[in-house]
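Hi,

Here is the structure I promised to pass on. Have a look at it first, and then read my notes below.

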Amino acid sequence: MKKCLTIFSTMILAISISTYDVQAKNSVNNNQNEILTADEILQDKKMQKEIEDYLVKELGENYKLKLEKNEKSVKNAQNLEKEFVTDEKGSTIYPDYFGGMYIDKDDQLVVQIVKSKLSASDTEKYSKLINDANKEYVQYSYRELKDIHDKVLNYFLNDNKLVNITGVSIDVLSNRVIVELKEKSEDTINVFRENIIDSALIEFEQGQNFEAVANLNPGASYGWCSFAYRARLSGRNGIVTAAHCVNSGQSLSFGTVKKWQRSGSIDAAWIETNSSNTPTNTLNSKPPFSNITTISTSVVTSFYPGQAVAKLGGATGFTVGSVTNGSYSGTVDGINHTNLVRANLVANHGDSGGIVIDQNAILGNNSYATAGVVTAKSNSNGTDMLFTKASQVNSIFGISRY
């Protein structure tokens, strides 16, 4: 169940907390035949100490164990999902007994089961896959939740006049469909139940006001936004940012907007760069929290509540957090979007178009997977952020990482 760089000019994000081997760095450099001096070694140790202090502050003393458990839980969730069959369109057909799954506060995968619908053969088939997960019994299956969700989503996208819905999503933790209303009251809830759908699977919440995190003042340069990641279309190089930062077909000093969409599941633009501007996967300078400055071409495709993620934007820099909903539909600046990711990440004006990465990859790898593009923040909650999935951008635009 898929639930659940910032750069000005051509800088791209990467983060790492892999163990730094001072002895190895003190060996002869085969390319330059150079030996590090004592001052350089001390500087490296200082950098590593700063990285360690940052991670302890953000994630706690046991940050390595925490991230290892989170990464294992994500892989377990992905493996379980692979066992589910798909229809002719490639959509997952969830078993009747499956309620959902999420990663809890202890970074342990929790698989929800509708006990009354679990057969002996089902138990035997998936016992090995869910052996490392905690099991939680729930009332409703994910299929039931999705059926109600899709009916509300259809109203949200195509009508939305009688009751002003601002968001709809499946919340696996509560085993309910969450409908966010612009004005939550007994009257509006009654109108919803009488005219749209009356279901015990729905819970109502006061809607959040999400706004794009860009300063589009008249005459402002592109420096008010951020870049996400480089991508290629038919052999041509370019870079991805948020659609609300630019206009379709717009000419910029470093390239031309050739792909643009601000609707449906994406808020993104692909800018074909000029020959004199070459996008890279490398930061312009070494960040204060990392020795590694590279992001990989791999793209995150699955998002689960509790999954660790991180973002880098031009306004608030690097922040860490986790996914709260892997498929959120809501309104951003009056535009309806579907299948965005909601996460508890700090963002502000100027972070739009910045990169979101899979935080788990900072455990020993030399680069980090691309997760998405910063889209919007909540007006009422400074750590409530939406981002567009990179996998959706690449698929819709026909672009690929390189």
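**What I found**

The protein has seven helices and 20 strands. Keep in mind as you read that this is a predicted model. Of its 402 residues, 52% are buried. The surface it exposes comes to about 18,200 Å², and 45% of that is supplied by carbon and sulfur atoms.

**The disulfide**

There is one disulfide in the structure. Its partners are Cys 225 and Cys 245, with 2.1 Å from S to S. As a reminder, a bond of this kind is a covalent one between the sulfur atoms of two cysteines. The angle about the S-S bond is -85 degrees, which makes the link between Cys 225 and Cys 245 left-handed. What does the pair tie together? Cys 225 sits in the loop between β7 (210-212) and β8 (230-233), while Cys 245 sits in the loop between β9 (236-241) and β10 (251-252), so the bond connects parts that are 20 residues apart in sequence. Both Cys 225 and Cys 245 are buried.

**Helix α3**

Next, have a look at α3, which covers residues 63-82. This helix has 20 residues and spans 29 Å from its first C-alpha to its last, close to the 28 Å expected at 1.5 Å a residue. Its buried residues are a mixed set: Tyr 63, Leu 67, Asn 70, Ser 73, Val 74, Asn 76, Ala 77, Leu 80 and Glu 81.

**The second largest pocket**

α3 also turns up in the lining of the second largest pocket, where the elements giving two or more residues are α2 (38-59), α3, β1 (98-103) and β15 (317-332). The pocket has a volume of about 350 Å³. Its lining counts 22 residues, and those nearest the centre are Lys 66, Gly 306, Gly 321, Ser 322 and Asn 344. Which element gives the most to this lining? That is β15, with five residues. By type, the lining of the second largest pocket splits into nine nonpolar, seven polar and six charged residues.

**Two positive phi values**

Most residues other than glycine have a negative phi, but I have two to show you that do not follow this. Asn 175 is not a glycine, yet its phi is positive, at about 60 degrees. You will find Asn 175 in the loop between β4 (165-171) and β5 (176-181). Buried or exposed? Asn 175 counts as buried, because its relative accessibility is 4% and the cut-off for buried is under 20%.

The other is Asp 333, also not a glycine, with a positive phi of about 50 degrees. Asp 333 lies in the loop between β15 and β16 (335-343), and β15 is the strand that gives the most residues to the pocket lining described above. Asp 333 has a relative accessible area of 44%, so it is partly exposed.

**Arg 401**

Last, go to strand β20 (residues 400-401), where Arg 401 lies. At 10% relative accessibility, Arg 401 counts as buried. Try putting Arg 401 and Ile 239 in one view: they are 162 residues apart in sequence, and their C-alpha atoms are 9.5 Å apart in space.

Best wishes

How values were computed
Residues numbered from 1 in each chain as written. Predicted model: local features only at pLDDT ≥ 70, side-chain atom pairs only at ≥ 80, totals over all residues. Heavy atoms only, no water. Helix = DSSP H or I, 4+ residues; strand = E, 2+ residues; numbered from the N terminus. Expected span 1.5 Å × (residues − 1). Buried < 20%, exposed > 50% of the residue type's maximum accessible area, 1.4 Å probe, protein only. Areas by Shrake-Rupley, 256 points an atom, 1.4 Å probe, with all protein chains shown as cover. Disulfide = S-S within 2.5 Å. 1 Å grid on protein atoms, 1.4 Å probe; cavity = no way out; pocket = protein on both sides within 12 Å on 5 of 7 lines; lining within 4 Å. Points joined across faces, edges and corners; volume = space filled by probe spheres on them. Nonpolar A, V, L, I, M, F, W, Y, C, P; charged D, E, K, R; others polar.
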